[in-house]
Each structure stands twice: as structure tokens, then as C-alpha cells.
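Student: I'd like to learn how to read salt bridges in a model. Can you walk me through some?

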Amino acid sequence: MKAFEYARPSSLEQARSLLAEKPRSVLKAGGIDLIDHMKEHLLEPSRVVDLRAVPGLDRIEAAGDGGLRIGPLATLADVAGHPDVRRTHAALAEACAEAASPQIRNVATIGGNLLQRPRCWYYRLESYHCLKKGGTLCYTVNGENRYHVIFGGGPCYAVHPSNAAVALLAFDAELVLEGAQGRRTVAAADFFVEPAEDSLRENRLGDGEILVEIRVPSAPGARSRYETARERAAFDWPLAAVAVVLRGGAEAVADPRIVLGAVAPVPWRVPRAEAAVAGQALTRAAADAAGEAATVGAAPLSDNGYKVALVRTLVRRALMALA
């Protein structure tokens, strides 16, 4: 790890100024993914701008309409344990509670979880100049690919690593970004970038922009669930995950949202699976049909076909937990 300058601004304006005035400056929230990148020589910043002293960025507030306003520096543990999140948006609390280990959840932030880079080992290893790092080849295709995508692959096949993003997309969340041109709001559904559009990035955060707020709309009458499968239950990245948000009663599901995680380069919404339960009684047969529908179009690589069965099981399990 190379030497760097450390700055701790007390306002967003000061943070943007510090970021802009020195080339190769980077932002730090919890710092979990940033330190990994620096250790692996994937990033060698000249200045690290720590946002933790900026007031208000760690807040979690219930809005008057029943929605949520979450600051990007709220830790995963705080989101997972917050009574308002657990009461009105359970799948988001569950997604944050399933991320990493207790030690990491107490430091890692929800903003960092959303913006972290892929965990693909070819990207993470300094010796491979892959597509994610500006190279011309994705080594996954003919290499080790058991943790990679089964949907939306090409030209890069790394999965999106965020737990929280899956639940936020299911709740139709919005992200507030602030830069030199002011603030703008982007729907979570439009925020993430597939590699076919740009293999070098995973989201639409612009140069010099800062994620300043996550807005989750109210979900009156909604029931929600997050399910994941991991090799090690105590601490591991998901092999596959799903967030389900349903309205209506068990006799007639209304306005379902089913979003998959760890199987695509972005949080992957599955409208076919939603259509399989929309207007239906929430029975085992309907849950089975949704699980099957969720895997339509799956294109596993040589070593990750097991994810197809995992997706079916997780979708069925999440739906039946809400029945």
C-alpha cells in the first residue's frame, strides 16, 4: 500500500472540494472495500477523503408518509436493527443483517455496500488485467466461474455484490446524488449499469458526485422477505439471493416485486416470476411456478449451473414465508 494524504471534511461542500483539487482522490465511508482495493494495488489514491465527520450522513429516519430516509453512512448493523426499517421494510433489514460478519456490519455502511466493486477474483487479483480494469479479456469465460453470473453476462461476467441493492430495488428506492451541478435523484432501477453498456463501471455515480441519501417509499400493506444461500452461513458472500415484496392478501397477491441478487451484474428483477403470482392465491403451486419462471433465460457458465436450482428454491422459500 502506497502512502496517501488523509482528509476529514466537515461538510459535503468541503468533501467535494477536497476530492476535486487533487487527482486520484477517493472517498471513504466505512472503508471496507476501499482498504481491500488499496492492499491489492487496484487503487493507489493520493488522498483519502473520509466522510464520517459530515453531519447527518448516518441518519435513519421514518418519513411522515411511512417511507424511509437513510444516510449512506448508516452502518449495515444500524439499518438491520432499526425498528422502523424492521417494521415497514423487513426485507431491507434482513438483507443488511445477512451481509458479511457482525464485525464488518458494525463498520461497513449501506452506501459502501451499494457502491462496492465486484468480488470476482480475476478483478481482485493484481496480476490479471481483465475487462473491469480496462483489459480486453474476461478470464471467467474459460476460467474459474462458479460464483459468477447466470443472467446478463457479457462481456464481463462478475456478479453485483450488494445485498442491500437487491432489497432497495424491490422497494422501488431512489438514490440522491450530489455533485458540482447540484443534486439529482436516480431510481434504483436505473442506477446500476450492465457490462454490455460499460464494463468498467457498475453504476451511474458521476465523477465528483457523492451519494447523500437513500429514499425508500412507503409500502403500506406490504409484506417482504429476503432470502440468501451461502457456502458458510456465518460469513460469506451470497451464492444467490432474492428479495420479495408483496401487497394484497394471501388469497390474491397484488403488485409483486421479485429481485434476484448474486446471479447477474446488476440486481436482477424477474417480471416473469412476478407475473406467476400476481392476482393468484399464494399457494405452494404458485410459488413453484414463480421459481421456475425466475430462471427463464438463465445461461450458466461451465461451473455455476447449481445457481439455477438455488434461484428456484430461494424464490419459492421467500414466497412461502409470506403466505
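Tutor: Sure, let's start with one pair: the side chains of E274 and R269 form a salt bridge, with N and O 2.8 Å apart. Here a salt bridge is a side-chain nitrogen of Lys or Arg within 4 Å of a carboxyl oxygen of Asp or Glu. This is a predicted model, where local features need pLDDT of at least 70 and side-chain atom pairs count only at pLDDT 80 or more, while totals for chains, interfaces and linings use all residues. Residues are numbered from 1 along each chain as its sequence is written, and side-chain values use heavy atoms, with hydrogens and water left out.

Student: What is the general idea behind such pairs?

Tutor: Side chains of opposite charge can pair when their charged atoms come close.

Student: Is E274 buried or exposed?

Tutor: E274 is buried, at 7% relative accessible area. Buried means under 20% relative accessible area, exposed over 50%, and partly exposed in between (1.4 Å probe, protein chains only). Its partner R269 is partly exposed, at 37%.

Student: Which residue does R312 meet in a salt bridge?

Tutor: That would be E292, at 3.3 Å from N to O. This pair links distant parts of the chain, 20 residues apart: R312 sits in helix α13 (residues 306-321) and E292 in helix α12 (residues 284-294). Helices are DSSP runs (H or I, at least four residues), numbered from the N terminus.

Student: How many salt bridges are there by this rule?

Tutor: The count comes to 30.

Methods: Helices (H or I, at least four residues) and strands (E, at least two) are DSSP runs, numbered from the N terminus.
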